[in-house]
Amino acid sequence: MPADPQEKVLILDFGSQYAQLIARRVRELKVFCKIVPHNIPPEAVVKESPRGIVLSGGPASVWAPGAPKPNPGIFKLPYPSLGICYGMQLMGQMLGGAVSKAAHREFGKAELTVVEADSLFDRLPDKLTCWMSHGDYVTQLPPGFRVIARTANTSIAAMGDLATKRFGLQFHPEVVHTPRGTEILKNFLYKVCGCEGRWTPGSFIDSACGQIRETVKGDQVILGLSGGVDSSVAALLLFKAIGPQLIPIFVDTGLLRKGEREQVVKTFRDSFRMGLTVVNARDRFLKRLKGVTDPEEKRRRIGRLFVSCFEEEARKHPKARFLAQGTLYPDVIESRSALGGPSATIKTHHNVGGLPKRMNLKLVEPLRFLFKDEVRRIGKSLGLPEEILMRHPFPGPGLAVRILGEVTLERVKLLQEADQRFIEELKAGGWYRKVWQAFAVLLPLKTVGVMGDERTYEHVIALRAVVSLDGMTADWARLPAELVERTANRVVNEVRGINRVVYDVTSKPPGTIEWE
Ligand code: XMP
């Protein structure tokens, strides 16, 4: 469900990583933008009535066979446009200039000399640092274009046709290595396209609520609330839009962190006064996991049982026509083909993906155009408590994949107690927000220890804390030794049944973040 404010920019996707980074910068500048396939038909662009178009960078060479190209009609549209790197080379090639292959790739920092300061370089110094990463380059300007900046190696480092408001940048303004890059993008958005920066949490909430009401009308909407940031923000947004027509369902698998269920109930039922249904399925999950030690088998069983529990509850509301999910923008983008073919299957979210079809429900995804940090900002302005807003990601199968070996009630409790103490210490030491994820893992072995005068033979806890941007790669967190020591002392002294604590110093790769 798009939140479609008036002021919008389209980003043609010639390589998703590049397009996503540009999108993030544009949103930070308070302008709504959408990433669209590179081959979007001109009519579809007109339908969106954007203020401007950005052609993203991409890994291809404009000379490569099958290189992704936009529909030439895009350049006949009246909207201002900005080509970045590959996007600029496409402009050069398709608008009647010339593009050559460089003998060597130019990669790294370069000093940019501004030749024409109005438009893109308005209120910026004459000399700027920029980040280059390209093989091809524009050697001859298309008719109507002028050079607006150059570097020692690249005589056409930036070009512009001020009459048609078309611009090209050979360097990457979206990366942090171009320190004034955001200001260049800002000039494009505000000065060239005439945007005013209306994309704010408040404006998003208003337009999203309007659209939810329009879509849902008088029908009921079912939502799986996990207690994570995404489903929580989706729940609040829908509740604001349609109140009691929202049916939030929380399945307590018994595999959650200590106090999590209570916190969800306190937040949504007590504070926000939502009619939250809590399904207590703890025993069912334990029973289904009895004797299972293989991680993938655990995942399969948990996934299937989760869907059954959710479905049983949802069937009690036969009048519901919609299922709401907290799908985010990166999930939507990643699920498209690498070069932005039309949207194919969308990654399903939180184990309930098969439900819409099985139950004949239509999907409502109010966050599907948002990045995670935007979701947090929106959650904040909807009043979601900090504790939920800033919570570390938590895997769908929960503690089951952090209990190596068989999952039993006793072992779940041991892990919950140890994990809680680790998290408390991280928060007390100001480290919780500095790490991407941190948790305790219960190992499937016992070791010998000595407490007082007695020999012990008990369980081992591993502490895992990682720094990461997206969970794809991660480095182990260099926590202060005192923090690790305090946690270890507390766990061994306060959690009966644990007599040893170890700290995991493996990065990803070669390790993974979770142990199973
Ligand atoms: P790994 O262990 O693969 O984890 O390095 C990367 C990120 O994914 C989370 N993760 C999962 N999330 N279901 C989920 O919903 C799963 O089965 C699962 N396994 C790993 C993990 O917590 C980390 O954030």
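Colleague: What distance lies between a polar side-chain atom of Q437 and an oxygen atom of the ligand?

Modeller: It's 2.8 Å. Before we go on: this is a predicted model, where local features need pLDDT of at least 70 and side-chain atom pairs count only at pLDDT 80 or more, while totals for chains, interfaces and linings use all residues. Residues are numbered from 1 along each chain as its sequence is written, and side-chain values use heavy atoms, leaving out hydrogens and water.

Colleague: Which other side chains have an N or O atom placed like that, by an oxygen atom of the ligand?

Modeller: For K508 the distance to a ligand oxygen is 2.7 Å, and for E514 it is 2.5 Å. Around the ligand (a heavy atom within 4 Å) you'll also find R299, P395, G396, P397, W436, G471, T512 and I513.

Colleague: Q437 starts a strand too, right? Which strand does β15 pair with?

Modeller: Strands are DSSP runs of E, at least two residues long, while helices are runs of H or I with at least four, all numbered from the N terminus. Two strands pair if DSSP finds at least two bridges between them. Here β15 (residues 437–451) pairs with β16 (residues 454–467) in the antiparallel sense, over 12 bridges. One such bridge links V450 to R455 in β16. The two strands make a hairpin with 2 residues between them, and G452 in the turn has a positive phi of about 65 degrees.

Colleague: In what order do the strands of the open sheet run?

Modeller: Follow β12-β11-β10-β13-β14: 5 strands, with parallel pairing. β12 (277–280) and β14 (362–364) are at the edges with a single partner strand each, so one side of each has no neighbour in the sheet. From one strand to the next, the twist averages 30 degrees. Look at β11 (residues 246–252) and β12, joined by 4 bridges; I249 is partnered there with T277 of β12.

Colleague: Which helix lies across β11 and β12?

Modeller: That's α7 (residues 260–271), at about 165 degrees to β12. Such angles run from 0 to 180 degrees between N-to-C directions, using axes fitted to C-alpha atoms, for helices over the stretch in contact. Contact means heavy atoms within 4.5 Å.

Colleague: At what angle do the axes of α5 and α12 cross?

Modeller: At roughly 80 degrees, and they come within 9 Å; α5 is residues 201–216 and α12 is 372–381. The contact involves P201, F204 and I205 of α5 with R377, I378 and S381 of α12.

How values were computed
A polar contact is a pair of N or O atoms within 3.5 Å; within protein, one must be able to donate a hydrogen and the other to accept it, and residues adjacent in sequence count only if both atoms are side-chain atoms.
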